[in-house]
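Trainee: I should like to learn how a structural model is read, one feature at a time. May we begin with a single residue and then widen the view?

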Amino acid sequence: MSDRTINQQPHTPHQAGPHPAGPAPDRHAPHTHAPHTHAHGSEPDDFAVQIADSVESFVLAVTEVAKGDEPGSAVSLLLLEVSQLLLAGGRLGAIEDVVPEDRFEPDAGPEPDGEQLRERLAELLAPIDVYHEVFDPYGPPEKPNAFRISDDLAGVVSELQHGLTHYREGRVSEALWWWQFSYLSNWGTTCSAVLRALQSLIAHVRLDSPLGAVPDGADTDDDGLTDEQLEQQAGDLMAAELGLGR
């Protein structure tokens, strides 16, 4: 059990941080909601049910994609799932701060091990796993950093599952509070970056635009492949997925 006054950093789901200072909803926008204040064991309203359904759908879909049964549709399916999750995140960001009942976040138990999911995604997406992103577009100018889609998606799933544990045990406000806070502090930014990477992959193939070579040092794995070979693999993978000849 942790005190909500402790400052939380991203990727530390066992420590609950202060309530997020979410943006005030647009008074002209439709479907805005007042702060949520569910008591423990109370029935979730439509908004909570919809968010929970979106979260669970994403977790299940990414887990299924990672099994590798349909490698030819992996990128397209992930593009759809990340887009739909960001819609749920946008709804969480647009409402007022969720106010949980207790000052302390109840212990949600041990966090699930996401390493197997990460490894499966990394193997499935190997030629296109690494992408580049500027972390904060409103921050000081900086060079793009290298990230991995597999790392990012596994981390997002872990964060979402933390809220699902609260939700399934009837702590609706705790779940909404966690999903809203973690959306604003971490997984919203992460999913936005992954979405841009996935959309860029499909755009490169559909527009017949060659993928750029990976800069030296960007991919830390010694896979024995040259930048040109990685580029060719990525292009072939996307072309096969979209049913295009190369």
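**From one residue to the core**

Mentor: Let us start with S182, which lies in helix α5. Please keep in mind that this is a predicted model.

Trainee: Is S182 buried or exposed?

Mentor: One compares the relative accessible area with a cut-off; a residue is called buried under 20%. The relative accessible area of S182 is 2%, so S182 is buried.

Trainee: Which backbone oxygen atoms does the side chain of S182 reach?

Mentor: For a polar side chain, one looks for polar partners. The S182 side chain reaches the backbone oxygen of W178 at 2.7 Å, and that of W179 at 3.4 Å.

Trainee: With which residues is S182 in contact, leaving aside its neighbours within four places in sequence?

Mentor: With that restriction, the contacts of S182 are E159, W187 and G188.

Trainee: How many residues does the largest nonpolar core have, and which have the most contacts inside it?

Mentor: The general idea is that in soluble globular proteins, nonpolar side chains tend to be buried together. Here the largest nonpolar core has 51 residues, and those with the most contacts inside it are F58, L160, L176, W179 and L198. Two or more residues each come from α1 (46-66), α2 (74-94), α3 (115-124), α4 (149-168) and α5 (172-206). The greatest contribution is that of α5, with 16 residues.

Trainee: What does F58 touch, not counting residues up to four places away in sequence?

Mentor: On that count, F58 touches E81, V82, L85, L153, V156, V157 and L160.

Trainee: Which residues of α1 are buried, and what covers them?

Mentor: One lists the buried positions, then asks which elements lie against them. In α1 the buried residues are F47, A48, I51, A52, V55, F58, V59, A61, V62, V65 and A66. Their cover includes α2, α3, α4 and α5.

Trainee: Why does the span of α1 agree with its number of residues?

Mentor: One sets an expected span beside the distance between the end C-alpha atoms. At 1.5 Å a residue, the 21 residues of α1 should span 30 Å; the end C-alpha atoms of α1 are 30 Å apart, so the two agree. After α1 comes G68, with a positive phi near 80 degrees.

Trainee: What pattern does the protein chain follow along the sequence?

Mentor: The order is β-α-α-β-α-β-β-α-α-α, which comes to six helices and four strands. Of the 246 residues of the protein chain, 41% count as buried.

How values were computed
Residues numbered from 1 in each chain as written. Predicted model: local features only at pLDDT ≥ 70, side-chain atom pairs only at ≥ 80, totals over all residues. Heavy atoms only, no water. Buried < 20%, exposed > 50% of the residue type's maximum accessible area, 1.4 Å probe, protein only. Core = buried A, V, L, I, M, F, W, Y, C linked by side-chain atoms within 4.5 Å. Contact = heavy atoms within 4.5 Å. Polar contact = N/O pair within 3.5 Å; in protein donor to acceptor, adjacent residues only side chain to side chain. Expected span 1.5 Å × (residues − 1).
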